[in-house]
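Hello,

Here is the structure I promised to pass on. Please open it next to this email and follow along.

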Amino acid sequence: MDKKKHKISQFLAHFRGWIQAVATILTNIHLPNFFKGEIYRGDAKTVCVPGLNCYSCPAATGACPIGAFQAVIGSSKFKFSYYITGFFILIGVLLGRFVCGFLCPFGWFQELLHKIPFKKFSTKKLKSLRYIKYGVLLIFVILLPLLVTNSLGMGNPFFCKYLCPQGVLEGAIPLSIANASIRAALGKLFTWKFGILITFVILSLMFYRPFCKWICPLGAIYALCNKVSFLQMKVDEDKCVSCGKCERACKMDVDVTKHPNHTECIRCGMCIKECPTEAIHYQYGFGTDKTNLKENKGE
Amino acid sequence: MKKLTVMLLIAAMVLGVSACGNSANKENTATESQMSTQEAEDLDAKINELTQKENSILENHKALWEKVFNSIDKSTVKDATATNYGDFLANSLDKIKDKFTDDELKSLKEDVEEIKKLEDELQPLLEKQSANASNKDSGKEGASVFPEFKAKDLDGNDVDSSIISKNAVTVLNFWFNGCSPCVQELPELNKLNEELKEKGGQVIGINTDSLDGNEDGIAEAKSILEKQGAKYTNLSLDSNSEAGKYATSIMAFPTTIVLDRNGNIIGEPIMGGIDNDESYKQLMKTIDQILAADKN
Amino acid sequence: MKQINRAAAQITLLAAAILMIGYGAMRGEAATVLSKAIKLCMECVGIG
């Protein structure tokens, strides 16, 4: 039992790049649309994908949860979205920030950029910036779309419109390359958001996942769910030799031995790979503080 | 890891290309409902044959028919193609029958009857031919004529394409109820409609929530239009009609296109609100261009 | 005790999530999501 758990944990940690690639392709399955300059318009778009993935990406398989949330609360018909909030809780409980580490296309994009040789900086001293993302969630995703409305009660998706770099990367850029009319429509807003994208591209070269750490409202939601998620990090105290390698390996600045379910932990498993005694592993199921619980299923 | 990434990208490309192949196949099966080239050629040959027969009948009494043709008022000529050509000849003949002897008249009338019969055969074939031709046109990418339509406005009154030909220029605006930039520009479009009225133009809205007479969509659209003070015509199209398909194929909202009197789409579609300076300038340029051309 | 509390929270949240998704979809939120997702919101992606 224990052996198997460790094998799965090691596998996930070592093949994370693959899983991210597959997740990105599954999230954007309609690849030919890039050449057509069209977006997919089937019923699958009723359902949200777990990661931050613009639904105006030509290839997008489903809806962006953050975009969809703003669309619902910004519509004249609804002031709250049970549908998307339920989705957030569901994914939050089932996976938590595992989504960030394994499934989110924009997270993968930043990681790939970070592989490019460039002067790297630690974010250990910038921990206070982490709280920005909760502000972004509250203000740009919830309050502004809800409160700033026209005479018909229609709001704007403020986060999508003014902040989200994923929309430019996946939506505006490929569509304007393939479609002349869209190219003609590019204006000030595009310049502003392109600037944001470029900023995060450059920041990603220097820092590990700057957008995830500081800005991403979806990451903020999943962060709040980390503590109640089925998926948790487990440190075996009998095996741990307190060498501190895991803490140094963690690019999200988390000390896994002290806070195995920290809000910033994206379950990337770098600590699992680094641990010399294989004391850290993933655990999936109800409860999960002790390994001998009966409901340890679903691994 | 880098190798893995590269391999994955290649896999993605292959997947993309194979998916491309699939969609191309679908298009092929879609066009199979149209006529094959062989069928189209047979149809052309048959039409030719019947037309030849008609001509040879007229040829037999050439001198007499010349008289009839000379008497025909030029302005009625376009009726000749719209109705049964035999009927047209009979009418024309009737008007000047006192110029012929009884015998002459009798033989001419016999000719007319024969031609009528041929026409009955010919007419459906011609329709088939033109339907096939227009199918081909609309199937082409970037067809630049807005399809003819029969639709209702949001109050349930019948509207058809003649509304386009009555105006030198028509600005078609595609929108839907939940689209805030679309709703935002409605007052601007109404103002444009008022301005265009004087110049022989109009604005028409096409609301994609009101397709197929969707009652909820229409009711919501009407209340939005009223609140935004937009008084110009808005249409509810049938989603299976050619025009309806054009509307449902639109991906970005709002989209605005400009038509001339003949339904030709002039210039590139304008995506995004026309309440933006640049788009408005582009729109007015296209409108002026069409108005100038219409005067000539 | 702690893990029992956590399990209880998990079950409650999971049930709440499923109920919310169902209720939201029923009252037409899913249709709103689809209608937005299949249309290109120009200004949202940064066009305009």
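First, a definition you will need: two strands count as paired if DSSP finds at least two bridges between them. Note also that this is a predicted model.

Start with chain B. Strand 4 (residues 201-207) and strand 5 (residues 234-236) of chain B pair in the parallel sense. Two bridges join them. Which residue is the bridge partner of Ile206(B) in strand 5 of chain B? It is Leu235(B).

Now the whole sheet. It is open, has seven strands and shows mixed pairing. The strand order in chain B is 2-1-5-4-3-7-8. In general, strands of a sheet pair through backbone hydrogen bonds, either parallel or antiparallel. Look at the edges of the sheet. Strand 2 (158-160) and strand 8 (265-271) of chain B stand there. Each has a single partner strand, so one side of each is left without a neighbour in the sheet. On average, neighbouring strands of this sheet are turned by 35° against each other, direction ignored.

A helix packs on this sheet: helix 12 (residues 277-295) of chain B. This helix touches strand 3 (169-175), strand 4, strand 7 (255-260) and strand 8 of chain B. Its direction makes about 10° with that of strand 7 of chain B.

Next, the contact between chains A and C. Chain A puts in 49 residues and chain C 35 residues. Several helices of chain A supply at least two residues each to the side that touches chain C, among them helix 4 (65-74) and helix 10 (165-178). Helix 5 of chain A gives the most, with eight residues. By class, this side of chain A has 28 nonpolar, 13 polar and eight charged residues.

Best wishes

Technical notes: Residues numbered from 1 in each chain as written. Chains lettered and ligands numbered in written order. Predicted model: local features only at pLDDT ≥ 70, side-chain atom pairs only at ≥ 80, totals over all residues. Helix = DSSP H or I, 4+ residues; strand = E, 2+ residues; numbered from the N terminus. Axes fitted to C-alpha atoms, helices over the stretch in contact; angles between N-to-C directions. Contact = placed C-beta atoms within 7 Å. Nonpolar A, V, L, I, M, F, W, Y, C, P; charged D, E, K, R; others polar.
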